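Subject: Handover of a structure

Dear colleague,

Please find below the structure that I am handing over to you. I would be grateful if you would look through it first and then read the notes that follow.

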Amino acid sequence: LSSDEPKVVFKKPTLEIGKKLYTSLGCIAFHSLDGGRNHGPTLKGSFGAKKEFLEAKPLVVNDAYLSESIEKPMAKTVKGYLTGMMHPYNLQKAEYDYLILFIKSAR
């Protein structure tokens, strides 16, 4: 979160914090929540969906894939999108959990 905000330790990920990270980290500029096309794939319905990649085998989107995509976005590029559009993030474990929970909720 912002360096101006007090650090709060949460025991359980919340959608509210996930949404705040989605916005503050700039994910909102690349990944839609409504199925619309943007610089990156939409998050709507992405969790559990099968994705095809430019240079990797297809897979079903799960927690591990989402975590890898946030930390190392060039590891797998979804077909139809340009490689290198997203920069890597080095977040705290809890921040990955918040974002992943938020992405799972995008139905």
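In α3, the buried residues are Glu-95, Tyr-96, Tyr-98, Leu-99, Ile-100, Phe-102 and Ile-103. Please bear in mind throughout that this is a predicted model. The cover over the buried residues of α3 includes α1 (15-24) and α2.

The length of α3 can be checked by simple reasoning. The helix has 13 residues, and at 1.5 Å a residue it should span 18 Å. The expected span is 1.5 Å times one less than the number of residues, so the count used in the product is not the full 13. The C-alpha atoms at the two ends of α3 are 19 Å apart, which agrees with the expectation.

The chain as a whole

Where does α3 belong in the overall order? Counted from the N terminus, the elements run α-β-β-α-α, and the chain has three helices and two strands. The chain has 107 residues, of which 31% count as buried. Among contacts with a separation of 6 or more, 48% are between residues 24 or more positions apart.

The nonpolar core

In soluble globular proteins, nonpolar side chains tend to be buried together. In this model, the largest nonpolar core has 21 residues, and those with the most contacts inside it are Tyr-22, Tyr-65, Leu-66, Ile-70, Leu-91 and Leu-99. Two or more residues of this core come from each of α1, α2 and α3. The greatest contribution is that of α3, with six residues.

Which residues does Tyr-22 touch, leaving aside those up to four places away in sequence? They are Cys-27, Ile-28, His-31, Ser-32, Leu-33, Leu-43, Leu-99 and Phe-102. Two of these, Leu-99 and Phe-102, are among the buried residues of α3.

The largest pocket

The largest pocket holds about 550 Å³ of space. Its lining is made up of 33 residues, and those nearest the centre of the pocket are His-31, Pro-41, Ser-69, Pro-73 and Met-86. By class, this lining has 20 nonpolar, 11 polar and two charged residues.

Which element gives the most to the lining of the largest pocket? It is α2, with four residues. Both α2 (63-71) and α3 (93-105) supply at least two residues each to the lining. The helix α3 therefore appears in the account of the core and again in that of the pocket lining.

With kind regards

Key
Residues are numbered from 1 along each chain as its sequence is written. This is a predicted model: local features need pLDDT of at least 70, side-chain atom pairs count only at pLDDT 80 or more; totals for chains, interfaces and linings use all residues. Side-chain values use heavy atoms; hydrogens and water are left out. On a 1 Å grid over the protein atoms alone, a cavity is a set of points where a 1.4 Å probe fits but cannot get out, and a pocket is an open set with protein on both sides within 12 Å along at least five of seven lines; lining residues have an atom within 4 Å of a point. Grid points are joined across faces, edges and corners, and a volume is the space filled by probe spheres set on the points. Ala, Val, Leu, Ile, Met, Phe, Trp, Tyr, Cys and Pro count as nonpolar, Asp, Glu, Lys and Arg as charged, and the others, Gly among them, as polar. Buried means under 20% relative accessible area, exposed over 50%, partly exposed in between (1.4 Å probe, protein chains only). Contact means heavy atoms within 4.5 Å. A nonpolar core is a set of buried Ala, Val, Leu, Ile, Met, Phe, Trp, Tyr and Cys residues joined through side-chain atoms within 4.5 Å.
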